[in-house]
Amino acid sequence: RGLLGGDRTAAMQAGVSGGLDVGLSLAGVDVDVLSGQEYLTSARPCVFVFNHQSKLDLPVMIHLVREQATGVAKKEVGQVPVIGQILQAGGVVFIDRADAGKAIEQLTPVVDKIRDDGFSLVVAPEGTRSATPRLGRFKKGPFHIAMQAGVPVVPVVLRNVGEVMWRDAALITPGTVEVQVLPPVDTSQWRAETVGEHTEQVRRMFV
């Protein structure tokens, strides 16, 4: 089940999501789901993909997804004292970005966690925070994972996160983050050679 046991992972995720709820409230940040609230639960397990502008994006996603989810982080993050242990206990899978030749192979534990353990993946297909409100290019990795695991892709469109906490900012400005959860995208008919086309189709949904 979880990387360190299902019960411990569930307890860690419940604690983190609860703590973030309090933190967002104290910071004066409201998260308003304008549409698609039901897709946050009805399509699981799935691959949740979100647009990435701020350090606040992931806390907002954890607030929305709550539990039974995993993420992907650089292996260096896993070596940071305390933080690495928390992420590992929370179900995060660590990969070596420097070893591009084994990129697909490194994603196998993520696929297994979705397919065998029923976890959903939360990931930003842009790969890094955008320097402007303009949407960046999407990497194909998350979409390969969804196809291999046989689960849908659920696009989560975040608006105003950059204004509440812009890239590299240290402070949060009180405000409202607007969210639209789009209908699940079926991946059952996808093929490896057409993943690039499907990736662009999902990106256009965000635009």
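**Exercise 1. Determine which strands helix H10 lies across and at what angle H10 runs to S7.**

Solution. Helix H10 comprises residues 195-206 and lies across S2 and S7. The direction of H10 is at about 35° to S7; axes are lines fitted to C-alpha atoms, for helices over the stretch in contact, and angles run from 0 to 180 degrees between N-to-C directions. Helices (H or I, at least four residues) and strands (E, at least two) are DSSP runs, numbered from the N terminus. The model is a predicted one, in which local features need pLDDT of at least 70 and side-chain atom pairs count only at pLDDT 80 or more, whereas totals for chains, interfaces and linings use all residues. Residues are numbered from 1 along each chain as its sequence is written, and side-chain values use heavy atoms, with hydrogens and water left out.

**Exercise 2. Compare the expected span of H10 with the distance between its end C-alpha atoms.**

Solution. The expected span is 1.5 Å times one less than the number of residues. For the 12 residues of H10 this gives 16 Å, and the end C-alpha atoms are 17 Å apart, which agrees.

**Exercise 3. Identify the buried residues of H10 and state how they are arranged around the axis.**

Solution. Buried means under 20% relative accessible area, exposed over 50%, and partly exposed in between (1.4 Å probe, protein chains only).
- Step 1: Val195, His198, Thr199, Val202, Arg203 and Phe206 are the buried residues of H10.
- Step 2: These residues cover an arc of only 145° around the axis, which puts them on the same side of H10; the arc is that of the directions from the helix axis to the C-beta atoms.
- Step 3: Glu197 and Arg204, on the other side of H10, are exposed.
- Step 4: The buried residues of H10 pack against S2, helix H8 (141-149) and S7, where contact means heavy atoms within 4.5 Å.

**Exercise 4. Establish the strand order of the sheet and the pairing of S2 with S7.**

Solution. Two strands pair if DSSP finds at least two bridges between them.
- Step 1: The open sheet has six strands in the order S1-S8-S7-S2-S6-S3, with mixed pairing.
- Step 2: S1 (29-35) and S3 (69-70) stand at the edges with a single partner strand each, so one side of each is left without a neighbour in the sheet.
- Step 3: S2 (residues 47-50) and S7 (residues 153-159) pair in the parallel sense over four bridges, and Val49 stands opposite Pro155 in S7.

**Exercise 5. Analyse the buried residues of helix H7.**

Solution. In H7 (residues 108-117), the buried residues are Val110, Val111, Lys113 and Ile114. They cover an arc of only 160° around the axis, which puts them on the same side of H7. Their cover includes S2, S3, strand S4 (72-74), strand S5 (93-95), S6 and H8. Gly118 follows H7 and has a positive phi, near 75°.

**Exercise 6. Classify the pairs Phe138 with Phe206 and Phe143 with Trp190.**

Solution. Rings of Phe, Tyr and Trp (its six-membered ring) pair if their centres lie within 6.5 Å; planes under 30 degrees apart count as stacked, over 60 as edge-to-face and the rest as tilted.
- Step 1: A search of the whole structure finds three aromatic pairs. For Phe138 and Phe206, the ring centres are 5.4 Å apart and the planes are at 80°, so the pair is edge-to-face.
- Step 2: This pair links distant parts of the chain, with Phe138 in the loop between S6 and H8 and Phe206 in helix H10, 68 residues apart.
- Step 3: For Phe143 and Trp190, the ring centres are 6.4 Å apart and the planes are at 40°, so the pair is tilted.
- Step 4: Phe138, Phe143, Trp190 and Phe206 form one aromatic cluster.
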